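Visitor: I should like to take a close look at a single part of this structure. Please choose one residue, explain how it is placed, and then relate it to its surroundings.

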Amino acid sequence: MPKMKTKRAAAKRFSFTGTGKIKRAAAYHRHQMTHKPQKRKVQDRKGAILSPGDARLVKLMLPYGA
């Protein structure tokens, strides 16, 4: 049986917590920051946990993650 391949695009965007949940970064935090409110920019520094439905799809893309 050949090895399963990891989707590299997903591997660069998601990471696993110690309990197996999947972390993601906030969207809209790459460029054009001058017109966004400071409060939104500060809040977007934190990551978030994927919802269970999305996490199931990401786990298929990252077979060796968890």
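Guide: A residue counts as buried when its relative accessible area is under 20%, as exposed when that value is over 50%, and as partly exposed in between. The model shown here is a predicted one, and the residue to examine is Asp44.

Asp44 has a relative accessibility of 17%, which is under 20%, and therefore it counts as buried. In the chain, Asp44 belongs to the loop that connects helix H2 (38–43) with strand E3 (48–49). Which residues does Asp44 contact, once its neighbours within four places in sequence are left aside? They are Ala26, Ala27, Tyr28 and His29.

The side chain of Asp44 also has a charged partner. Together with the side chain of Arg40, it forms a salt bridge, with a distance of 4.0 Å from N to O. The count of salt bridges comes to one. The two partners can be set side by side: Asp44 is buried at 17%, whereas Arg40 has a relative accessible area of 35% and so is partly exposed.

The loop of Asp44 leads to strand E3, and this strand belongs to an open sheet. Three strands make up the sheet, in the order E1-E2-E3, with antiparallel pairing. Strands E1 (14–16) and E3 are the edges: each has a single partner strand, so one side of each has no neighbour in the sheet. E1 and strand E2 (residues 22–24) run antiparallel and are joined by three bridges. Within this part of the sheet, Phe16 is positioned opposite Ile22 of E2.

Ile22 leads from the sheet to the interior. The largest nonpolar core has six residues, and Ile22 is one of them, along with Ala10, Leu50, Ala55, Val58 and Leu62. When residues up to four places away in sequence are not counted, Ala55 touches Ile22 and Leu50. Such a grouping may be viewed against a wider tendency: in soluble globular proteins, nonpolar side chains tend to be buried together.

Nonpolar residues are also found on the surface. Leu57, Leu60 and Met61 form a nonpolar patch there, and their accessible area together is about 290 Å². Is Leu60, a residue of helix H3 (residues 52–61), buried or exposed? Its relative accessibility is 64%, which is over 50%, so Leu60 counts as exposed. Asp44, by contrast, is buried at 17%.

How values were computed
Residues numbered from 1 in each chain as written. Predicted model: local features only at pLDDT ≥ 70, side-chain atom pairs only at ≥ 80, totals over all residues. Heavy atoms only, no water. Core = buried A, V, L, I, M, F, W, Y, C linked by side-chain atoms within 4.5 Å. Buried < 20%, exposed > 50% of the residue type's maximum accessible area, 1.4 Å probe, protein only. Contact = heavy atoms within 4.5 Å. Helix = DSSP H or I, 4+ residues; strand = E, 2+ residues; numbered from the N terminus. Pairing = 2+ DSSP bridges. Patch = residues over 30% accessible without salt bridge, like charges linked within 9 Å, V, L, I, M, F, W, Y side chains within 5 Å. Areas by Shrake-Rupley, 256 points an atom, 1.4 Å probe, with all protein chains shown as cover.
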